[in-house]
Amino acid sequence: PDYLDIMIPLVHTHGAATPRIMVKDAQSGDVIKTDNPPAAGFLKITDLLSFRSTYAPIAYSKKKLNIDWPSLHYGEDLIFWMKIMERVPGIWYVPEACYHYSFRKGSLSRPEESD
């Protein structure tokens, strides 16, 4: 519930920011994992690729960075992050798990579990 309160000031200051993610099972609500990168600060693309389970929680200033979402069907999130990384020195990382990502049975992320 506090995602925007945390992210908007950081986006205005740094151009782009991302918080710690808590991944949950959509059915049970159990925590599957929480990413564990370094303390607050700028992340480079190698940092993001080494720990990030999803690219969904990015907050960025469209006005400041002048970037649109790529029109792809697969991998567009990674391409999008790379476009952002071309325009900022890094993406500001927030160590609070203020973004919850739910895995659902049968989703693209878990196709082996479809009914």
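This is a tour of a predicted model, with selections to make in turn.

**Confidence**

Begin by colouring the chain by pLDDT. The average over the chain is 79, and 83% of the residues score at least 70. Confidence is highest in helix α1, at 92, and lowest in helix α2 (residues 45–51), at a mean of 72.

**Helix α1**

Select residues 3–14, which make up helix α1. From its first C-alpha to its last, this 12-residue helix reaches 16 Å, close to the 16 Å expected at 1.5 Å a residue.

Now show the side chains of Tyr-3, Ile-6, Met-7, Leu-10 and Val-11, which are buried in α1. Look down the helix axis: the buried residues of α1 fall within an arc of 120 degrees, so they line one face of the helix. As background, residues three or four places apart point the same way because an α-helix has 3.6 residues a turn.

Turn to the face of α1 directed away from its buried side. Leu-4, Asp-5, His-12 and Thr-13 are the exposed residues carried there. Pick out Asp-5 among them: its relative accessibility is 63%, and because exposed means over 50%, Asp-5 counts as exposed. Next add Cys-98, which is 93 residues from Asp-5 along the chain; the two C-alpha atoms are separated by 10.0 Å.

**Strands β1, β3 and β5**

Select strand β1 (residues 16–25) together with β5. The two run parallel and are joined by eight bridges. To see one position in this pairing, select Lys-24, whose bridge partner in β5 is Ser-102.

Keep β5 on screen and add β3. Here the pairing is antiparallel, over three bridges. Leu-43 is a residue to pick, with Ile-91 of β5 standing opposite.

**Aromatic pairs**

How many aromatic pairs does the count come to? The count is three, and two of the pairs are visited here.

For one of them, select Phe-42 and Trp-92. Their rings meet edge-to-face, 5.1 Å centre to centre and with 90 degrees between the planes. This pair links distant parts of the chain, since Phe-42 is in strand β3 (residues 41–43) and Trp-92 is in strand β5 (residues 91–103), 50 residues apart. Phe-42 has a relative accessible area of 38% and is partly exposed.

Move on to Tyr-60 and Phe-80, an edge-to-face pair at 5.1 Å centre to centre, with 75 degrees between the planes. Distant parts of the chain are linked by this pair too: Tyr-60 lies in strand β4 (residues 59–60) and Phe-80 in helix α4 (residues 76–85), 20 residues apart.

Are these two residues buried or partly exposed? Tyr-60 is partly exposed, at a relative accessible area of 24%, whereas Phe-80 is buried, at 3%.

**The salt bridge**

Side chains of opposite charge can pair when their charged atoms come close. A search of the whole structure finds one salt bridge. To see it, select Glu-86 and Arg-87, whose closest N and O atoms are 3.9 Å apart. Glu-86 is exposed, having a relative accessible area of 66%. Arg-87 is partly exposed, with a value of 43%.

How values were computed
Residues are numbered from 1 along each chain as its sequence is written. This is a predicted model: local features need pLDDT of at least 70, side-chain atom pairs count only at pLDDT 80 or more; totals for chains, interfaces and linings use all residues. Side-chain values use heavy atoms; hydrogens and water are left out. Helices (H or I, at least four residues) and strands (E, at least two) are DSSP runs, numbered from the N terminus. Buried means under 20% relative accessible area, exposed over 50%, partly exposed in between (1.4 Å probe, protein chains only). Rings of Phe, Tyr and Trp (its six-membered ring) pair if their centres lie within 6.5 Å; planes under 30 degrees apart count as stacked, over 60 as edge-to-face and the rest as tilted. Two strands pair if DSSP finds at least two bridges between them. A salt bridge is a side-chain nitrogen of Lys or Arg within 4 Å of a carboxyl oxygen of Asp or Glu. pLDDT is the predictor's confidence in each residue, from 0 to 100. The expected span of a helix is 1.5 Å times one less than its number of residues. The arc is that of the directions from the helix axis to the C-beta atoms.
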